[in-house]
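Colleague: I am new to this structure and would like to go through it slowly, with the reasoning spelled out.

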Amino acid sequence: MGSADVSPQMAFARFVRRAIDDARDERGWTVTDLASHTGVGRSTVFRWLAGDWQDYPELAKVRGFCSALDLPVAAAFRALGLPDAGPA
């Protein structure tokens, strides 16, 4: 399966999984801690991990998630297949 075959759901799920793994390894955070610090609910985090979404995730939540974890928002948008700035 080539990179062109990867859906935005799969790519974003990988991005979120790496972020969660890094937060656990570097900060000792659980998913509950991550939800508290990022403002993204646990159920939303689990939906992102499962690629269980039809409409794109709320970009404000994606930005908050990235900001709290010191991740570049552009990387999240690339995983979603969006331009770096995201839709207006």
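**Inside the fold**

Colleague: Which residues does Phe12 touch, not counting residues up to four places away in sequence?
Modeller: This is a predicted model, in which local features need pLDDT of at least 70 and side-chain atom pairs count only at pLDDT 80 or more, while totals for chains, interfaces and linings use all residues. Residues are numbered from 1 along each chain as its sequence is written, and side-chain values use heavy atoms, with hydrogens and water left out. Taking contact as heavy atoms within 4.5 Å, the partners of Phe12 are Trp48, Trp53, Pro57, Val62, Ala76, Ala79 and Leu80.

Colleague: Which helix gives the most residues to the largest nonpolar core?
Modeller: A nonpolar core is a set of buried (under 20% relative accessible area, 1.4 Å probe, protein chains only) Ala, Val, Leu, Ile, Met, Phe, Trp, Tyr and Cys residues joined through side-chain atoms within 4.5 Å. The largest one has 26 residues, and Phe12, Phe15, Val16, Leu34, Trp48, Val62 and Phe65 touch the most other members. Two or more residues come from each of H1 (8-27), H2 (31-38), H3 (42-50), H4 (59-68) and H5 (73-80), these helices being DSSP runs of H or I with at least four residues, numbered from the N terminus. The top contributor, with seven residues, is H1.

Colleague: Why is H4 described as oblique to H5?
Modeller: H4 and H5 pack with their axes, lines fitted to C-alpha atoms over the stretch in contact, 9 Å apart. Angles run from 0 to 180 degrees between N-to-C directions, and those under 35 count as roughly parallel, over 145 as roughly antiparallel, 65 to 115 as roughly perpendicular and the rest as oblique. H4 is therefore oblique to H5, the angle being about 135°.

Definitions and conventions
Buried means under 20% relative accessible area, exposed over 50%, partly exposed in between (1.4 Å probe, protein chains only).
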